[in-house]
Amino acid sequence: MTSLTGIFSRKELKNEGKVFEPKPYSNPYVVGFGLGLVLLSAFLIMGRGLGASGAVSTVVAVGMEKIAPEHAAKNNFYKEYLGDGTTNPLKDWLLFEVIGVVVGGFISGSLAHRIKRTTEKGPNVSVRTRLIYAFVGGSIMGFGAKLARGCTSGLALTGGSLLSLGGWAFMLSVFGGGYAVAYFIRRQWL
Amino acid sequence: MMPYFKFDYFGFDFSLVVAFIIGIGFGFALERGGFGNARILAAQFYFYNMRVLKVMFTAIVTAMLGLFYFSWIGWLDLSLVYIGDTYILPQIIGGLILGIGFVIGGYCPGTSFVSASAGRTDGIIFILGIIFGVFVFGEMFPLLEEFYNSTNMGRVTLPDFLGLSHGMVVFLVVAMALGAFAAAEWGEKVLSKKSGRGVE
């Protein structure tokens, strides 16, 4: 089938016996510059930086309120994310930003043929072990991010470029904690 | 005058549209950098691929210089840009815990969303882990509240803390980043020769 634009025919040609190879990742300095511009535009337009873990907190707090409203109302942590009841807690800046992150990641991955159902791991561990580590690591991270009031995006990137003392102390601690235990986890990655 | 939102150029509902668009840029950049892939992220902690450091410091330097020049020209009121208060002890302990979770789980919250959207099962499971971790923190909050709110130093920045001018700190951070880039490039070369493992 031919099309007016020629797009279909070109696609058909490419598909003939050809597997799309995932493209290599971009130059880190170029990516960093682009990421810096995204962060800068958040500062200039919104007067705030980026984030990620806050969106999870909102979802957890709203979930707790649905399941156990009295229990959630007594807890200052959940209350912080639920607000005073005059606004919908799900109309949250970070939550909308994170939905954008999911979409943006998918667009970039699609363009570079990097969307794939797989599990990323080192050659010496099973998928099952890797997934257990992923869950445990995620839990530890969720807890740590809440204790620190932010994660790599909200505190290290955002706080770092705003020269916040807490942001820099946090960033150095993240690298410190990571390097301190990396040796013991090496089987998973190397 | 910037930041636009603080000067009521648009309302709250439109700010959510802005959030979505900025999020797309954020997710796009993270995926381009290879941060949807736990092996690339974890490699940072074994010194054979320093992408995390390179991308993060380039982004910080770019945004920091932008903030500095925009406010110097007078287009941006820097005092209206939100900087969270420093709670030094919870942030150091939280950072250490988060770093441990990073090496074990292979992602941070932002990168796990990109990983999940690129189809990685470990990214999806990692997000479930974050939800569980936040839930545990929430349930333990009455016990942790006192520590969580301790050592509040207010809205303190490196120039305040070090007693240096804003410009001087900006210069030092740029110099430090350039030093770190040089060290990272050199380290990758040496290690990839030694172990035969490619940089990518």
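**Internal cavities, largest pocket and chain interface**

The largest cavity holds about 150 Å³ of space in this predicted model. Two cavities of 30 Å³ or more are counted. Fourteen, written as 14, is the number of residues lining the largest cavity, and those nearest its centre are A:Thr152, B:Leu30, B:Phe35, B:Cys108 and B:Thr111. Two or more lining residues come from each of α8 of chain A and α1 (12-32), α3 (51-73) and α5 (109-117) of chain B. The largest share, three residues, is that of α8(A). By class, the lining of the largest cavity comprises ten nonpolar and four polar residues, with no charged residue.

The second largest cavity contains about 60 Å³ of space. Its lining is made up of A:Thr152, A:Ala156, A:Met171, A:Val174 and A:Phe175 from chain A, together with B:Phe45, B:Val52, B:Met56 and B:Phe102 from chain B. A:Thr152 is thus listed for the second largest cavity and is also among the residues nearest the centre of the largest cavity. At least two lining residues are supplied by each of α8 and α9 (165-182) of chain A and α3 of chain B. For the second largest cavity the main contributor is α9(A), with three residues. Eight of the lining residues are nonpolar and one is polar, and none is charged.

The largest pocket encloses about 1000 Å³ of space. It is lined by 38 residues, of which A:Arg48, A:Tyr81, A:Leu94, A:Arg149 and B:Tyr82 are the closest to its centre. The elements contributing two or more residues to this lining are α3 (53-67), α5 (76-82), α6 (93-111) and α8 (152-161), which belong to chain A. The lining of the largest pocket divides into 16 nonpolar, 15 polar and seven charged residues, whereas no charged residue lines the largest cavity or the second largest cavity.

The contact between the chains involves 113 residues of chain A and 125 residues of chain B. Together the two chains bury about 10700 Å², and carbon and sulfur atoms account for 75% of this area. On the chain B side, B:Phe26, B:Arg32 and B:Ile104 contribute 7% of the area buried against chain A, more than any other three residues.

Five salt bridges are counted between chain B and chain A. One salt bridge pairs the side chains of B:Arg120 and A:Glu120, with an N to O distance of 2.7 Å. Polar contacts across the interface link 46 residue pairs in which both residues have pLDDT 80 or more. Helix α6 (residues 121-148) of chain B provides 24 residues, the largest share of the side of chain B that touches chain A. That side of chain B consists of 82 nonpolar, 30 polar and 13 charged residues.

Two features of the backbone were also noted. In chain B, the peptide bond joining B:Met2 and B:Pro3 is cis, with omega about -5 degrees. B:Pro3 is placed in the segment before α1 of chain B. In chain A, the non-glycine residue A:Leu163 has a positive phi, near 60 degrees. A:Leu163 is located in the loop between α8 and α9 of chain A. Of these two helices, α8 contributes to the linings of the largest pocket, the largest cavity and the second largest cavity, while α9 gives the most residues to the lining of the second largest cavity.

Terms used: Residues are numbered from 1 along each chain as its sequence is written. Chains are lettered from A and ligands numbered from 1 in the order in which they are written. This is a predicted model: local features need pLDDT of at least 70, side-chain atom pairs count only at pLDDT 80 or more; totals for chains, interfaces and linings use all residues. Side-chain values use heavy atoms; hydrogens and water are left out. Contact means heavy atoms within 4.5 Å. Buried area is the accessible area (1.4 Å probe) that two parts lose on being put together, summed over both. A salt bridge is a side-chain nitrogen of Lys or Arg within 4 Å of a carboxyl oxygen of Asp or Glu. A polar contact is a pair of N or O atoms within 3.5 Å; within protein, one must be able to donate a hydrogen and the other to accept it, and residues adjacent in sequence count only if both atoms are side-chain atoms. Helices (H or I, at least four residues) and strands (E, at least two) are DSSP runs, numbered from the N terminus. Ala, Val, Leu, Ile, Met, Phe, Trp, Tyr, Cys and Pro count as nonpolar, Asp, Glu, Lys and Arg as charged, and the others, Gly among them, as polar. On a 1 Å grid over the protein atoms alone, a cavity is a set of points where a 1.4 Å probe fits but cannot get out, and a pocket is an open set with protein on both sides within 12 Å along at least five of seven lines; lining residues have an atom within 4 Å of a point. Grid points are joined across faces, edges and corners, and a volume is the space filled by probe spheres set on the points.
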